[in-house]
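Subject: Structure handover and notes

Dear colleague,

I am passing on the structure we spoke about, together with some notes on what was found in it. Please read the notes with the structure open beside them.

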Amino acid sequence: MTDVETSTGTRRILLVEDEKPISDAVAAYLERENYWVTAAMDGQEAVNEFSKHHFDLVILDLMLPKIPGEKVCRIIRESSDVPIIMLTAKGEVEDRIVGLELGADDYLIKPFSPRELVARVRALLRRAHIDSKPQREVLEFNELTIDLSGHRVLISGEEIDLTASEFKLLTTLASYPGRVYSRMELVEKVLGYDFEGYERTIDSHVKNLRAKLGDDPRNPKWLFTVHGVGYRFDSPKVEAKDAAD
């Protein structure tokens with residue numbers, strides 16, 4: 001498959017799927033929505049394409065020839081926070097959690113509806129590229145600084161790389177310190193849709209976020225688990241810079 005003609009503002013998607021009928025069907029649905037699709041049939045081709053071009057989103061099958069999807073995800077995450085949707089034939093929860101812990105933002109289990117995949121793509125791209133006006137432009141919590149408009153997070157002045165989902169999760173919690181969010185509330189706010197069974201997805205994103213922030217879950221500084229409910233963000237001596245309306 002070759003790339004479709006692009007136009008200004010068209011989102012570029014790397015579709016990594018070794019089963020050609022599935023790849024062709026998904027590409028057709030995406031192109032119908034005016035996305036520019038580049039298809040890769042194995043892990044090595046995916047890595048090569050990603051190194052040569054800018055992509056706004058990656059759809060990544062786990063079961064790939066040459067380089068498995070898990071390794072492709074790790075390679076991409078070494079240099080980019082591009083949104084990643086994983087496709088997997090594995091139905092076990094733990095198998096899906098592994099993909100999320102590698103840095104994927106979302107997953108779909110085969111067989112899946114191409115229409116649902118397009119909806120997931122649309123939600124992820126909307127979250128990654130269209131920011132609503134924040135209440136405050138910069139949030140400061142001692143050494144932790146969250147630049148909402150600049151989409152940056154710094155610890156002691158050093159920037160850390162977060163995926164779109166991790167950034168949305170952090171800003172959702174940090175915008176209202178002390179408020180407890182249930183896992184389902186966070187699914188709706190962070191992932192952009194409400195599907196039962198996705199609460200474990202939030203647990204994986206929290207785990208990844210804690211690791212990047214250096215926040216020990218046994219003695220947390222910012223991200224607190226509220227057992228049986230969900231999560232809250234808190235920090236002593238909170239300071240905040242309010243943006244002008």
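A residue is called buried here when its relative accessible area is under 20%, with a 1.4 Å probe and protein chains only taken into account. Please keep in mind throughout that this is a predicted model.

To begin with the whole chain, the protein has 8 helices and 13 strands, and buried residues make up 47% of its 245 residues. Among the contacts between residues at least 6 apart in sequence, 61% join residues at least 24 apart.

The aromatic rings come next, where the count is 2 aromatic pairs. Phenylalanine 50 and phenylalanine 55 form a stacked pair, because their planes stand at 15°, which is under the 30 degrees required, and their ring centres are 6.3 Å apart, which is within the 6.5 Å limit. Phenylalanine 50 is buried at a relative accessible area of 14%, and phenylalanine 55 counts as buried as well, with 4% relative accessibility. The other pair consists of phenylalanine 141 and phenylalanine 233, which meet edge-to-face with 4.6 Å from centre to centre and 65° between the planes. This pair links distant parts of the chain, since phenylalanine 141 belongs to strand β6 and phenylalanine 233 to strand β12 (residues 230-233), 92 residues apart. Both phenylalanine 141 and phenylalanine 233 are buried.

Phenylalanine 141 also leads into the hairpins around β7. Strand β6 (residues 138-141) runs antiparallel to β7 and is joined to it by 4 bridges, and the bridge partner of phenylalanine 141 in β7 is leucine 144. There are 2 residues between the strands of this hairpin, in which asparagine 142 takes a positive phi near 55°. On its other side of the pairing list, β7 is joined by 4 bridges to strand β8 (residues 152-155), again in an antiparallel arrangement, with aspartate 147 standing opposite arginine 152 of β8. The hairpin of β7 and β8 has 4 residues between the strands, and histidine 151 has a positive phi near 55° there.

Within strand β7 (residues 144-147), Leu144 and Ile146 point one way while Thr145 and Asp147 point the other way, and all of them are buried. In a regular strand, side chains alternate between the two faces of the sheet.

Aspartate 215 may deserve a look of its own. The residue lies in the loop between α8 (199-213) and β11 (223-226), and although aspartate 215 is buried, it has no salt bridge. Which side chain of opposite charge is nearest to aspartate 215? It is that of arginine 210, 4.9 Å away, whereas a salt bridge would need a side-chain nitrogen of Lys or Arg within 4 Å of a carboxyl oxygen. A polar atom of the aspartate 215 side chain does, however, lie 2.6 Å from the backbone nitrogen of lysine 221. Leaving out residues up to four places away in sequence, aspartate 215 touches Arg210, Pro220, Lys221, Trp222 and Leu223.

Finally, threonine 172 is found in helix α6 (residues 164-174). Threonine 172 counts as buried because its relative accessible area is 9%, and, with residues up to four places away in sequence not counted, threonine 172 touches Tyr181, Leu186, Lys189 and Val190.

With kind regards

Technical notes: Residues numbered from 1 in each chain as written. Predicted model: local features only at pLDDT ≥ 70, side-chain atom pairs only at ≥ 80, totals over all residues. Heavy atoms only, no water. Buried < 20%, exposed > 50% of the residue type's maximum accessible area, 1.4 Å probe, protein only. Lys, Arg positive; Asp, Glu negative; His and termini not counted. Polar contact = N/O pair within 3.5 Å; in protein donor to acceptor, adjacent residues only side chain to side chain. Contact = heavy atoms within 4.5 Å. Pairing = 2+ DSSP bridges. Phe/Tyr/Trp six-rings, centres within 6.5 Å; stacked < 30°, edge-to-face > 60°.
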